[in-house]
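Student: Pick one part of this model and take me through it slowly, as you would at a whiteboard. Start at the surface if you like, then go inside.

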Amino acid sequence: MARSLFSPKNRELTEDEQQRLGLPVFVKPARRGSSIGISKVDSWEAFAQAVEIAFDHDNKMIVESMIHGREVECGVLQYPEGSVIASAPAMLEGTEDGDEGFYGFDAKYLDNTVTPSIPAPIGEEATAEVRRLAVRTFEALNCEGLARVDFFVTDNGEVILNEINTLPGFTPISMYPQMFIAGGMEYPQLLDILIARALVQD
């Protein structure tokens with residue numbers, strides 16, 4: 001995973017922490033979705049303002065080092081009997097082309113600068129590792145039903161876990177269903193599996 005730290009409100013970074021994290025860093029609310037409240041910080045002088053923005057949305061924040069790599073997502077689906085599978089991974093292209101300079105709210109919902117490639121053109125070895133880690137992350141956190149696990153894949157093929165989204169977008173054009181549809185599963189079939197799993201858990 002990226003070098004990161006988890007911080008409550010009114011806590012400043014020490015000089016050692018700044019050196020460990022390096023620049024740029026991303027400052028984000030710990031429990032917010034859709035990249036709301038996230039800032040990219042290129043200098044420590046701009047850090048305080050980014051912290052204020054994050055704390056407008058939560059009373060805890062995460063500070064993460066920037067990773068240079070391709071952004072890759074993978075869906076995880078749990079069948080009614082408990083078995084878990086991973087989708088074909090998707091690679092997001094154009095994530096740094098928007099005004100925010102990263103895959104933020106505007107890039108996700110307003111700018112139309114990001115296009116997905118499914119399956120992700122990252123090679124067989126990296127694809128297998130993404131799918132393996134997606135399932136392992138899902139099971140390690142004792143998740144249920146569905147999740148989307150996000151990664152970075154570096155130029156040398158290293159797969160780095162970024163985060164897990166336990167309630168991903170689920171419209172017909174959302175990334176989660178699109179990754180399974182690309183693998184041959186129809187949208188209604190995906191819904192049927194999730195509903196059946198929920199009924200088993202009820």
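**From a surface patch to an inner strand**

Tutor: Let's begin on the outside: L191, I195 and L199 make up a nonpolar surface patch, and together they have about 280 Å² of accessible area. One of these residues, L191, sits in helix α6, which covers residues 187–201. With a relative accessibility of 31%, L191 counts as partly exposed. Keep in mind that this is a predicted model.

Now for the part I'd like to look at closely, strand β2. The strand takes in residues 25–29, and five of the five are buried, so β2 is largely enclosed by the rest of the structure. Go along the side chains and you'll see V25, V27 and P29 pointing one way, while F26 and K28 point the other way. Whichever way they point, all are buried.

What does β2 pair with? One partner is strand β3, residues 39–41, joined to β2 by three bridges. The two run antiparallel, and V27 of β2 has S39 of β3 opposite. Another partner is strand β4, residues 60–65, with five bridges to β2, again in an antiparallel arrangement. Here V27 stands opposite V63. So if you want one residue to centre your view on, try V27: it faces S39 in β3 and V63 in β4.

Next, the charged residue in this strand, K28. At 12% relative accessible area, K28 is under the 20% cut-off and therefore counts as buried. As a reminder, side chains of opposite charge can pair when their charged atoms come close. K28 makes a salt bridge with E64, where the closest N and O atoms are 3.1 Å apart. Since E64 belongs to strand β4 and K28 to strand β2, the pair ties together parts that are 36 residues apart in sequence. E64 is buried as well, just as K28 is.

K28 has another salt bridge, this one with E163, and its closest N and O atoms lie 4.0 Å apart. That pair links distant parts of the chain, with K28 in strand β2 and E163 in strand β10 (residues 159–165), 135 residues apart. How buried or exposed is E163? Its relative accessibility is 35%, so E163 counts as partly exposed.

For context, the salt-bridge count for the model comes to seven. Among them is R148 with E73, whose closest N and O atoms are 3.6 Å apart. R148 is in strand β9 (residues 146–153) and E73 in strand β5 (residues 70–78), so this pair ties together parts 75 residues apart in sequence. R148 and E73 are buried. Coming back to our strand, salt bridges with shared partners join K28, E64 and E163 into one network.

One last thing to check is the cysteines. The model has zero disulfides. C74 is buried at 0% relative accessible area, and C143 counts as buried at 12%.

To pull the strand together: β2 is largely enclosed, it is joined by bridges to β3 and to β4, and its K28 shares a salt-bridge network with E64 and E163.

Methods
Residues numbered from 1 in each chain as written. Predicted model: local features only at pLDDT ≥ 70, side-chain atom pairs only at ≥ 80, totals over all residues. Heavy atoms only, no water. Buried < 20%, exposed > 50% of the residue type's maximum accessible area, 1.4 Å probe, protein only. Helix = DSSP H or I, 4+ residues; strand = E, 2+ residues; numbered from the N terminus. Pairing = 2+ DSSP bridges. Salt bridge = Lys/Arg side-chain N within 4 Å of Asp/Glu carboxyl O. Patch = residues over 30% accessible without salt bridge, like charges linked within 9 Å, V, L, I, M, F, W, Y side chains within 5 Å. Areas by Shrake-Rupley, 256 points an atom, 1.4 Å probe, with all protein chains shown as cover. Disulfide = S-S within 2.5 Å.
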